[in-house]
Amino acid sequence: MGCINTITYDNFPKQNNNKYGISSRVKVCYHYDTSKVHFGTIVRDDKEEPYEIIIKLDNGRYLRASECQYSYIY
């Protein structure tokens with residue numbers, strides 16, 4: 001557990017809402033194996049601390065960006 005200054009009862013980190021931010025579609029793979037991919041949507045993309053990116057996969061699971069490799073779908 002931790003304490004992040006940008007996350008409080010009343011505040012949440014600013015989010016990236018640009019072309020590559022929230023609602024962007026992504027293709028996800030694991031261990032650099034691009035023969036098997038999941039598709040998903042970025043649901044959190046912190047612009048400030050703790051700089052977390054969270055992806056909701058189309059199968060309903062959620063991943064942190066640090067747990068996979070992903071690329072944007074244009």
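A residue counts as buried when its relative accessible area is under 20%, as exposed when that area is over 50%, and as partly exposed in between. The exercises below apply to a predicted model.

**Exercise 1.** Decide whether tyrosine 20 and tyrosine 74 are buried, partly exposed or exposed, and describe how their rings are arranged.

*Solution.* Tyrosine 20 has a relative accessible area of 33%, so this residue is partly exposed. Tyrosine 74, at 75% relative accessibility, counts as exposed. The structure holds three aromatic pairs. In one of them, tyrosine 20 and tyrosine 74 meet edge-to-face, with 6.1 Å from centre to centre and 90 degrees between the planes. This pair links distant parts of the chain, since tyrosine 20 lies in the segment before β1 (25-30) and tyrosine 74 in the segment after β5 (69-72), 54 residues apart. Ring pairs also join Tyr20, Tyr70, Tyr72 and Tyr74 into a cluster.

**Exercise 2.** Work out how many disulfides there are, looking at cysteine 68 along the way.

*Solution.* A disulfide requires two cysteine sulfur atoms within 2.5 Å. For cysteine 68, the closest cysteine sulfur belongs to cysteine 29 and is 7.7 Å away, which is too far for a bond. By this rule the count is zero disulfides. As for accessibility, cysteine 68 is buried at 7%, whereas cysteine 3 is exposed at 78%.

**Exercise 3.** Find which residues make the nonpolar surface patch of about 230 Å², and place Phe39 within the chain.

*Solution.* The patch is made by Val37, Phe39 and Ile73. Phenylalanine 39 sits in strand β2 (residues 33-45), and its relative accessible area of 39% makes this residue partly exposed.

How values were computed. Residues numbered from 1 in each chain as written. Predicted model: local features only at pLDDT ≥ 70, side-chain atom pairs only at ≥ 80, totals over all residues. Heavy atoms only, no water. Patch = residues over 30% accessible without salt bridge, like charges linked within 9 Å, V, L, I, M, F, W, Y side chains within 5 Å. Areas by Shrake-Rupley, 256 points an atom, 1.4 Å probe, with all protein chains shown as cover. Salt bridge = Lys/Arg side-chain N within 4 Å of Asp/Glu carboxyl O. Helix = DSSP H or I, 4+ residues; strand = E, 2+ residues; numbered from the N terminus. Buried < 20%, exposed > 50% of the residue type's maximum accessible area, 1.4 Å probe, protein only. Phe/Tyr/Trp six-rings, centres within 6.5 Å; stacked < 30°, edge-to-face > 60°.
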